Amino acid sequence: MSAANPPAGGAEPRPPLLALDGVRKEFGGSPVLRSLTLDVAEHEVVVLIGASGSGKSTLLRCINLLEPISDGSIHLDGEHITDPRVDPDGVRRRIGMVFQAYNLFPHMTVLDNITLAPRRVHGRPRAEAEEQARELLARVGLSDKAAEYPDRLSGGQQQRAAIVRALVNTPRLLLLDEVTSALDPELVGEVLTLVQSLRADGMTMLLATHEMGFARHVADRVCFLDGGRILEQGPPEQVLDAPEHPRTRRFLQRFAEGGRL
């Protein structure tokens, strides 16, 4: 199912970095995810699209163990991370997650926001954590904002800082939940450029978005969710330009009519 490159010389294919098998999630008896199965290969970028309520954000929260699943299993690097005996904090050290609302602490500087988890949770020395944070800030064009507070940054700058915070622990997997939805249109490009850069570096990413142009530019594979199921998936040019499922065509029609496809 994954879009991983086939191994050369007849070698055994590598197992997926992330594997979801029959994942089901219910809220109050109502299913939100329905026996959802998905593999994500290492270095692959998979984009989730679908209407609000289709299960995209819930899926990301389940992978990061912020929501318990009702049935099925999730494996990361071959480890069954939804086993109740697994330490969720240990799993989250290998997963970075970025939310649409930034979630930066307003009373802390950008540098302190980024280094809080490495210092307090992972026990890294302040100097070491700050050195890595400054390197990452420089990479995303925010080296002069380390001492600023979040409310003095633009939305695009805040979102880039939030992505740096997720990257500072060198995660195996990066989850991004509607990271451009709170941004003015002219700021979307800032985040798109950063995500494209991460893709070029080989970062494995699973992201949910309503921005079809964003999906087209960063995805190796696009998955269309509807009613908690993946109805269609494939390369962006196939799913976005020549969808096979009638429900996918109806969903994308409004984007095409608005010139946003």
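**A walk through the predicted model, from helix α5 outwards**

The buried residues of helix α5 pack against β6 (95-98), α3 (110-120), α4 (126-139), β7 (173-177) and α6 (185-200). I should say at the outset that what we are looking at is a predicted model, and I will keep to what can be computed from it.

Let me stay with α5 for a moment. Of its 13 residues, 12 are buried, so the helix is largely enclosed by the rest of the structure. Among the buried ones are Gly155 and Gly156 at the beginning, the run of Gln157, Gln158 and Gln159, then Arg160, and towards the end Ala166 and Leu167. As for its geometry, the helix covers residues 155-167 and, at 1.5 Å a residue, should span 18 Å, which agrees with the 18 Å between its end C-alpha atoms.

Which residues does glutamine 159, inside this helix, touch once its neighbours within four places in sequence are left aside? The contacts are with Val98, Phe99, Gln100, Tyr102, Val179 and Val191, and glutamine 159 itself is buried, with a relative accessible area of 0%.

Following the chain out of α5, we come to the loop between α5 and β7, where threonine 170 lies. Threonine 170 has a positive phi of about 50° although it is not a glycine, and at 60% relative accessibility it counts as exposed, the cut-off for that being over 50%. Leucine 65, in the loop between α1 (56-63) and β4 (71-76), is another residue other than glycine with a positive phi, here near 60°. Is leucine 65 buried or exposed? With a relative accessible area of 17%, leucine 65 is buried, since the cut-off is under 20%.

Now to the sheet. There is an open sheet of six strands in the order β6-β7-β8-β3-β9-β10, and its pairing is mixed. The edge strands, each of which pairs on one side only, are β6 and β10 (229-234), and from one strand to the next the twist averages 20°. As a reminder, the strands of a sheet pair through backbone hydrogen bonds, either parallel or antiparallel. Strand β3 (residues 45-49) and β9 pair in the parallel sense, over four bridges, and in β9 the bridge partner of valine 46 is arginine 221.

Two helices can be placed against this sheet. Helix α6 packs on it, touching β3, β7 and β8 (205-208), with its direction at about 155° to that of β8, whereas α9 lies across β3, β9 and β10 and runs at about 95° to β9.

That brings me to the aromatic residues, where the structure holds two aromatic pairs. In one of them, the rings of phenylalanine 224 and phenylalanine 251 have their centres 5.2 Å apart and their planes at 35°, so the pair counts as tilted. This pair links distant parts of the chain, with phenylalanine 224 in strand β9 (residues 221-226) and phenylalanine 251 in helix α9 (residues 246-257), 27 residues apart. Both count as buried, phenylalanine 224 at 0% relative accessibility and phenylalanine 251 at 2%. Ring pairs link Phe224, Phe251 and Phe255 into a cluster.

Finally, a word on annotation: the unreviewed UniProt entry carries the annotation "domain: ABC transporter" over residues 18-252. Over those residues the chain is 37% helix and 25% strand, and the end C-alpha atoms are 27 Å apart.

Conventions:
Residues are numbered from 1 along each chain as its sequence is written. This is a predicted model: local features need pLDDT of at least 70, side-chain atom pairs count only at pLDDT 80 or more; totals for chains, interfaces and linings use all residues. Side-chain values use heavy atoms; hydrogens and water are left out. The expected span of a helix is 1.5 Å times one less than its number of residues. Buried means under 20% relative accessible area, exposed over 50%, partly exposed in between (1.4 Å probe, protein chains only). Contact means heavy atoms within 4.5 Å. Rings of Phe, Tyr and Trp (its six-membered ring) pair if their centres lie within 6.5 Å; planes under 30 degrees apart count as stacked, over 60 as edge-to-face and the rest as tilted. UniProt positions are given in the numbering used here, feature names are shortened, and annotations may be inferred rather than shown by experiment. Two strands pair if DSSP finds at least two bridges between them. Axes are lines fitted to C-alpha atoms, for helices over the stretch in contact, and angles run from 0 to 180 degrees between N-to-C directions.
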